[in-house]
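Visitor: I am beginning to study protein structure, and I would be grateful for a close look at a single part of this one. Please take the aromatic rings as the subject and explain how they are placed.

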Amino acid sequence: AAGGVWTGARVCVRLEVGKCRVCAAAGDSLEALATRLATDWLQLWAANSHLLAPQALRAQDMVNVGALYRARPGDSLAGLAGLYRAPLATLQLLNPDIAASGLPDPDSDSPVGSVCIPLDVCGAQPE
């Protein structure tokens with residue numbers, strides 16, 4: 001710092017958001033998030049009672065967007081999409097770390113994570 005004035009520096013910050021959660025940006029709404037996730041905003045509202053207003057989320061509000069499912073041998077995203085009546089594209093969006101063709105075998109040396117399954121609290125599908 002020249003003359004006691006900070007001339008600036010780069011700071012690197014790492015943020016981790018748990019699987020099946022989205023960190024809202026300023027001005028986000030549950031309707032906007034639901035559109036991006038191919039679901040209904042009421043599904044998100046039902047699973048996020050901690051949110052104060054669905055139409056105006058605060059920056060950095062954590063929004064639950066799914067439920068975690070522990071993978072079993074033979075599971076695939078396509079199979080889970082059929083089982084849970086969820087669009088495969090939505091499963092892929094919520095699980096970018098998993099290939100659509102299959103999940104790691106739990107008995108292999110590959111680390112097995114959980115699969116984020118879209119919410120179906122209301123039993124409704126988006127129009």
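Guide: What follows describes the aromatic pair, with its surroundings and the remainder of the chain added afterwards. Please note that this is a predicted model.

A pair of aromatic rings is described by the distance of the centres and the angle of the planes. A search of the whole structure finds one such aromatic pair. Its partners are Tyr-69 and Tyr-84, whose ring centres lie 6.0 Å apart, with 70° between the planes. Since an angle over 60 degrees counts as edge-to-face, the arrangement of Tyr-69 and Tyr-84 is given that name.

The two partners belong to separate parts of the chain. Tyr-69 is in strand E3, which covers residues 66–70, whereas Tyr-84 is in the loop between helix H3 (77–83) and helix H4 (88–94), so the pair ties together parts that are 15 residues apart in sequence. Their exposure may be considered next. Tyr-69 has a relative accessibility of 10% and therefore counts as buried, because the limit for that class is under 20%. Tyr-84, at 36%, counts as partly exposed.

The loop that holds Tyr-84 deserves a further remark. Arg-85 also lies in the loop between H3 and H4. Most residues other than glycine have a negative phi. Arg-85, however, has a positive phi, near 50°. Arg-85 is exposed, with a relative accessible area of 54%. A positive phi, of about 75°, is found in Cys-20 as well, although Cys-20 is not a glycine. Cys-20 is located in the segment before strand E1 (21–23), and its relative accessibility of 6% makes it buried.

The wider setting can now be added. The protein contains four helices and four strands, which follow one another along the sequence as β-α-α-β-β-α-α-β. Of its 127 residues, 31% are buried. Among contacts between residues at least 6 apart in sequence, 66% join residues at least 24 apart.

One internal space also comes to light. The whole structure has one cavity of 30 Å³ or more, and the volume of the largest cavity is about 40 Å³. Its lining includes Leu-37, Leu-44, Val-65 and Leu-94. By class, the lining of the largest cavity comprises six nonpolar residues, two polar ones and no charged ones.

To return to the part you asked about, the pair joins Tyr-69 of strand E3 with Tyr-84 of the loop between H3 and H4.

Conventions. Residues numbered from 1 in each chain as written. Predicted model: local features only at pLDDT ≥ 70, side-chain atom pairs only at ≥ 80, totals over all residues. Heavy atoms only, no water. Helix = DSSP H or I, 4+ residues; strand = E, 2+ residues; numbered from the N terminus. Buried < 20%, exposed > 50% of the residue type's maximum accessible area, 1.4 Å probe, protein only. Contact = heavy atoms within 4.5 Å. Phe/Tyr/Trp six-rings, centres within 6.5 Å; stacked < 30°, edge-to-face > 60°. 1 Å grid on protein atoms, 1.4 Å probe; cavity = no way out; pocket = protein on both sides within 12 Å on 5 of 7 lines; lining within 4 Å. Points joined across faces, edges and corners; volume = space filled by probe spheres on them. Nonpolar A, V, L, I, M, F, W, Y, C, P; charged D, E, K, R; others polar.
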